[in-house]
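Trainee: Can you walk me through how to read a ligand site?
Mentor: Sure, let's take it step by step.

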Amino acid sequence: MATLQVNTNVLPARNRSGTATGAMERDLHARDRVGVQDFVLLENFQSEDAFVDNLRKRFKENLIYTYIGQVLVSVNPYKNLNIYTQEEVNQYRNIHFFEAPPHIFAVSDTAYRSLTEEGRGQCILISGESGSGKTEASKKVLQFIAAVTGHKAQVETVKDKLLQSNPVLEAFGNAKTNRNDNSSRFGKYMDISFSALGSPVGGNILNYLLEKSRVVHQNPRERNFHIFYQLLAGAEDEMLAKLQLKRNLDTYYYFTHGVEGKVNTIDDCQQFQQVRKAMAVIELTEQEQEDIFAIVASVLHMGNVGFTEEEGQAQILKPECVEAVSKLLGCKTSKLDRAFTHRTIDARGDVVTSPLTREMAIYARDALAKAVYDRLFTWLVMRLNTSLQPKEGRRKEVMGILDIYGFEIFERNSFEQFCINFCNEKLQQLFIELTLKSEQEEYQREGIEWEHVEYFNNKVICDLIEEKHKGIISLMDEECLRPGEPTDKSFLTKMNENLSSHDHYISHRKAGKELQKNMSREEFCLKHYAGDVIYNVDGFLDKNNDLLFRDLREVMSETTNSITKEVFPVSDVTTKKRPDTAATQFKNSLNQLMEILMNKEPSYIRCIKPNELDQSGVFNDRIVTHQVKYLGLMENLRVRRAGFAYRRPYEMFLQRYKCLTPATWPNYHGPSKQGVHEIVCHLGFERDEYRMGNTKIFIRSPRTLFATEDAFQAKKHDIATIIQKIWKGRLQRQEYLKMREAAITIEKWSRRFLAQKEAERRDKAVHIIRNFIKGFITRNGQITEVNKAFVELAKAQYLIRLSKNLPTSLLDKSWPPHPVVCREASTLLHQLHRRWLSRKYRLALSPGQKRQFELKVLAESIFKDKKKSYPQSIGPRFVDDRLTEEQKALRQTFQQNHLNGDKIVYATTVTKYDRHGYKPRERVLVLTNKHLYVLDGKTFKLKHNLGLDMLQELVVTTESDNLLLLRIPPEYKKDKGDLILEVGHIIEAVTKIVDVTKKAHNVKIMEAGTISHNLIGGKQGVIDITTGTSPAIVKGKSGHLLVVASP
Ligand SMILES: Nc1ncnc2c1ncn2[C@@H]1O[C@H](COP(=O)(O)OP(=O)(O)O)[C@@H](O)[C@H]1O
Ligand SMILES: [Mg+2]
């Protein structure tokens, strides 16, 4: 253990402006269900069991991805999961790393954005056992990049080439192994160049350590490289004939297992077509393709050459095969023939050719086959690179994808494993350095004090392997070059001598009892950072030397096949300098790669295969634990957890946990840092458990974070209640407002309706009242619509009233009042009524009474308003006879004597005044229908007999006196002038006379004053009429007759 002066805990949380808290945070509380999404959150981070447990839990739920900070751990599902669709691409595109569950797209997106937005070169380091999903992972990264980058034709071409480079490389570099039907048998580093706009414009591929031994030998149940089988299965007969090949796999010696090599899961024929297509895409010419297949075919033919041995010299068994090879590659058969069986050594100028033994010939032939194939592969990569070269020369940002085996530990580990494990040590070194660098940067940025952290730095192991002059590779090279008889054993001895003191080198002797049990004496053990690995030195020197005899190289350099000619340059043959050994070459290319990667921002994908059976759903704890160990994941995690397990920008932390303190809930208005400080103080974080950086809070252990998270989860219910409350309230309020509005609307309309009705009612009422009033006011006017009812009513009521108040007596002249409109009716009715009354009255009258009325009427017509005493005459009945009983008797007599049957109409006593001297005399007046008789009052002696026609005038006064002057015509000589009478009932008397004479006009009513009257002989008498208190008719002093009437 080395004590570093740096904190090596965590990979950089990239300097991105993330916003919301995301998936990882979500994961904090879901941690018990499907494990944690980030191993950093494992409380027991030292426990391998806990680690594997977490992987298993997630694997069972098809959650194949888990983070260790920024490192993605991927477990091969061995089945197609529907998690690489365009939908996922969109989801992971442009969101923060922590915002969604772990995914290879998240890693790809983070790298791509860092590249395009910040211009930082990227590398994605994919490691893992064979069959763990490295190559698939690298393809997913490519898929994502292709999906999110531009779609211009030029970009499409580049993307197409990048994607199509895979089938070609896989055909030549992949094979079916026991671990993986499509196992990459080479390490690959692919650089993708991006334009300033973020579109891929080109690429470059570096290949490492093609497993060329596979060309000549395969382990049980494994196959040679795919291309051989593809060619035999897929090529047209014509092409096969040209290549002199047969389809039968058993034909070829280099197919160790012949037809057993056929694999159900692989459709070689279809794959071949795909490869041909891909070759076209990456712009391999027809000629080039022809040359390539010629080489592939020639390798098969080489395998079949075969040797026998005669007198210790190898003899070619099947010359036709050599012929085929020479024909395909374009060289002289004889020369090739000889090169297969002889070896030329140039020892300090002495050129010596010696024949080969059969064993040596086979070795040489196989070396040639491997070399040809290996160089063909390298040429292909080179050719691909030419095709992928960016067109423009400007500086481009680059994203590298490294797909290389992880630690390999087998039962028997050889040179190849040594190289691969060395490579992984170097990658771990890179990981540490890059991690440290970015950690340091982040701490500086955040102004956090640097802490001393115990941490294992594997530099010491790297040095053990590669240190100049002292390291294993140097020792091996030295041993290879040593004159004499260097062997693998001598190499082991050398190592044991030189390295035994090294802590990480364990020789058989130095090993403890336990280890010794597993180690043979040909083995040594290296304590790699990920664990101990025992190597067997057998074959180390050979493989390191990688010897191809000069004769064969020479023949190859002279071939006409453009490729072999190019990859076996003449200079190689002529140069005196020894080529670098395989290990040194690898070391150098590895260091070059480290340099390339050192300047980039790394992303790590660690692939794990869950079982050896290539089966989905099977999680073998033992196998996984093994890989966890040798992928160095526990070490990764330790590094991550050395300092602070969790860090977040203050804004995010505050946003998530602000509800935990009253000071920050619901909103904190101060700076976020201060808010976070409030939370931290409130929750009572231990002093050592956290640090406050400039923009982030750092929390040391998950325990503290989980406590915080649990508090938050508990609090969430409260918050949920509040949110629910507010939300429900809001809903209800909205509902209420809606209802209220509706109610108001309804109310409004109903009020409006009612108001309208009311208004109508009032209008109607007003109209009625107005009409009523108008009708009332105009009830006396013309009948109109408005007053009609009034009038009708008035009429009806009037009639009713009238009917009850009709006068019952004719004398009652009263008449009930009437409405104006009934004036005429009233008048008419009154008349009618009165007529009816009269009629009734009249009908009830006796003839006497009738007579009486006739006379009264006559009297009225004569005297009404003419004579003052008239009114007194109205009441008393007119009588026919005013004579006393005595006089009646006398009248009887008179009647008998004078009246010859005339009927007496009237008789009364009168006073007669003499015409001369006006002496009053008692007389009786008798009226018949022909005559008027004046009789002596006592004797009834006829004094005057006046025919009625003699009555010229009946003169009375207007006054109330009873004077009656009967004018008699003067020529009527029998009498002695006018007759002056005082008649008691003068009105009655005059009326009777007129009634008989029928000459009302004869009645003269004279004003008070003087009236003259005729005397006999033309003389005139005068009557003075006055009024006075004592009425009398006497002879006045003037000689006139003085009539004093009462006033
Ligand atoms: N993410 C994955 N989803 C589904 N199958 C996968 C996935 N990764 C690997 N596989 C399966 O595992 C096999 C081996 O994967 P591969 O990438 O070739 O391994 P490696 O390159 O590590 O040797 C693939 O052929 C494929 O069937
Ligand atoms: Mg692979």
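Trainee: Which backbone atoms come close enough to ligand 1 to count as polar contacts?
Mentor: A polar contact is a pair of N or O atoms within 3.5 Å. In this predicted model, a backbone N or O atom of Lys134 is 2.8 Å from an oxygen atom of ligand 1. Ser132 has a polar backbone atom 3.2 Å from a ligand 1 oxygen, and for Glu129 a backbone N or O atom is 3.4 Å from one.

Trainee: How much of ligand 1 does the protein cover?
Mentor: Accessible area comes from the Shrake-Rupley method with a 1.4 Å probe. Ligand 1 on its own has 550 Å², and the protein covers 85% of that.

Trainee: And which residues surround ligand 1?
Mentor: A residue is near if one of its heavy atoms lies within 4 Å. Here 16 residues surround ligand 1, with Asn76, Gly131, Lys134, Thr135 and Glu136 the closest. Split by class, the shell has 9 polar, 4 charged and 3 nonpolar residues; Gly counts as polar.

Trainee: Which helix gives the largest share of that shell?
Mentor: Helices are DSSP runs (H or I, at least four residues), numbered from the N terminus. Helix 5, residues 134-148, supplies the largest share, 3 residues.

Trainee: Any caveats on the numbers?
Mentor: Local features need pLDDT of at least 70, side-chain atom pairs need 80 or more, and totals for chains, interfaces and linings use all residues. Side-chain values use heavy atoms, without hydrogens or water, residues are numbered from 1 along each chain as its sequence is written, and chains are lettered from A and ligands numbered from 1 in the order written.

Key
A polar contact is a pair of N or O atoms within 3.5 Å; within protein, one must be able to donate a hydrogen and the other to accept it, and residues adjacent in sequence count only if both atoms are side-chain atoms. Helices (H or I, at least four residues) and strands (E, at least two) are DSSP runs, numbered from the N terminus.
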